[in-house]
Amino acid sequence: MSKLRRLCASHSVALLGPAFFLSLPATAQDKKAPIRAQKILLENDRMRATESVFKPGEVNPMEARGHRVTRVLKGSTTIERSHSNGKTEKIEWKEGGVYYSPADTASAKNIGKSEVTIYTVTMKEKK
């Protein structure tokens with residue numbers, strides 16, 4: 001094999017490498033919705049009280065949750081709650097409103113345009 005042919009062959013592989021990786025699906029680069037951060041104010045064996053800012057686009061992951069009461073301290077928005085059985089519901093959260101959620105496995109996403117500051121008390125199962 002001539003030097004020119006070997007040089008071309010080695011460079012085409014080197015050039016093909018980045019092109020190949022750029023053409024792969026972007027699964028590792030896909031961004032997931034940010035998860036809402038919670039500040040735990042009080043927690044014991046019976047309940048947990050949290051305060052957080054729920055920004056547009058943020059989510060709570062799908063997980064088992066106890067009975068809970070949420071009070072919207074500041075702002076108003078629309079929340080989409082998704083249940084483990086596939087059912088979804090939209091809830092309008094208004095500033096000053098108090099909302100009850102039964103124990104279930106669900107996630108929530110702020111699909112509105114505003115952030116809200118919320119205070120939530122979640123009951124834990126008796127051990």
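This report walks through the fold, the largest pocket, the salt bridges and a nonpolar patch of the structure above.

**Overall layout**

Please keep in mind that this is a predicted model. The protein chain contains one helix and nine strands, and reading along the sequence gives the order α-β-β-β-β-β-β-β-β-β. Of the 127 residues in the protein chain, 28% are buried.

**The largest pocket**

Let us start with the open space. The largest pocket holds about 470 Å³. Its lining counts 28 residues, and those closest to the pocket centre are Arg48, Arg65, Gly66, Arg68 and Thr122. Which strands supply the lining of the largest pocket with at least two residues each? They are β2 (47-54), β3 (59-65), β4 (68-74), β5 (77-83), β8 (104-110) and β9 (116-123). By chemical character, the lining splits into nine nonpolar, 10 polar and nine charged residues.

Two of the central arginines deserve a second look, as both turn up again among the salt bridges. Arginine 65 has a relative accessible area of 16% and is therefore buried, the cut-off being under 20%. Arginine 68 is likewise classed as buried, at 9% relative accessibility.

**Salt bridges**

The structure has four salt bridges. Three of them are set out here, with the separation of their closest N and O atoms.

| Acidic residue | Basic residue | Closest N and O atoms |
|---|---|---|
| Glutamate 43 | Lysine 124 | 2.8 Å |
| Glutamate 63 | Arginine 65 | 3.3 Å |
| Aspartate 104 | Arginine 68 | 3.2 Å |

What does the bridge from aspartate 104 to arginine 68 tie together? Aspartate 104 belongs to strand β8 and arginine 68 to strand β4, so this pair links parts that lie 36 residues apart in sequence. Is aspartate 104 buried or exposed? With 17% relative accessibility, aspartate 104 counts as buried, and its partner arginine 68, at 9%, is buried too.

The bridge between glutamate 43 and lysine 124 spans a stretch of 81 residues in sequence, because glutamate 43 sits in strand β1 (residues 39-43) while lysine 124 is in the segment after β9. Here glutamate 43 is partly exposed at 41% relative accessibility, and lysine 124 is partly exposed at 34%.

The pair of glutamate 63 and arginine 65 brings together two classes of exposure. Glutamate 63 is partly exposed, its relative accessible area being 36%, whereas arginine 65 is buried at 16%.

**A nonpolar patch on the surface**

Turning to the outside, Leu41, Leu42, Leu73 and Tyr119 make a nonpolar surface patch of about 340 Å². One of its members, leucine 73, is located in strand β4. Why can leucine 73 take part in such a patch? Patch residues need over 30% relative accessible area, and leucine 73 qualifies on this point because its value is 40%, which makes it partly exposed. Strand β4 thus appears in three settings: it contributes to the pocket lining, it carries arginine 68 of a salt bridge, and it holds leucine 73.

**A contact across the sequence**

One last stop is the loop between β2 and β3, where lysine 55 is found. Lysine 55 is partly exposed, with 40% relative accessible area. Its C-alpha atom is 8.7 Å from that of glycine 112, although the two residues are 57 residues apart along the chain.

Key: Residues are numbered from 1 along each chain as its sequence is written. This is a predicted model: local features need pLDDT of at least 70, side-chain atom pairs count only at pLDDT 80 or more; totals for chains, interfaces and linings use all residues. Side-chain values use heavy atoms; hydrogens and water are left out. On a 1 Å grid over the protein atoms alone, a cavity is a set of points where a 1.4 Å probe fits but cannot get out, and a pocket is an open set with protein on both sides within 12 Å along at least five of seven lines; lining residues have an atom within 4 Å of a point. Grid points are joined across faces, edges and corners, and a volume is the space filled by probe spheres set on the points. Helices (H or I, at least four residues) and strands (E, at least two) are DSSP runs, numbered from the N terminus. Ala, Val, Leu, Ile, Met, Phe, Trp, Tyr, Cys and Pro count as nonpolar, Asp, Glu, Lys and Arg as charged, and the others, Gly among them, as polar. Patches are made of residues with over 30% relative accessible area and no salt bridge: like charges are joined within 9 Å, nonpolar side chains (Val, Leu, Ile, Met, Phe, Trp, Tyr) within 5 Å. Accessible areas come from the Shrake-Rupley method with a 1.4 Å probe; for residues, only the protein chains shown count as cover. A salt bridge is a side-chain nitrogen of Lys or Arg within 4 Å of a carboxyl oxygen of Asp or Glu. Buried means under 20% relative accessible area, exposed over 50%, partly exposed in between (1.4 Å probe, protein chains only).
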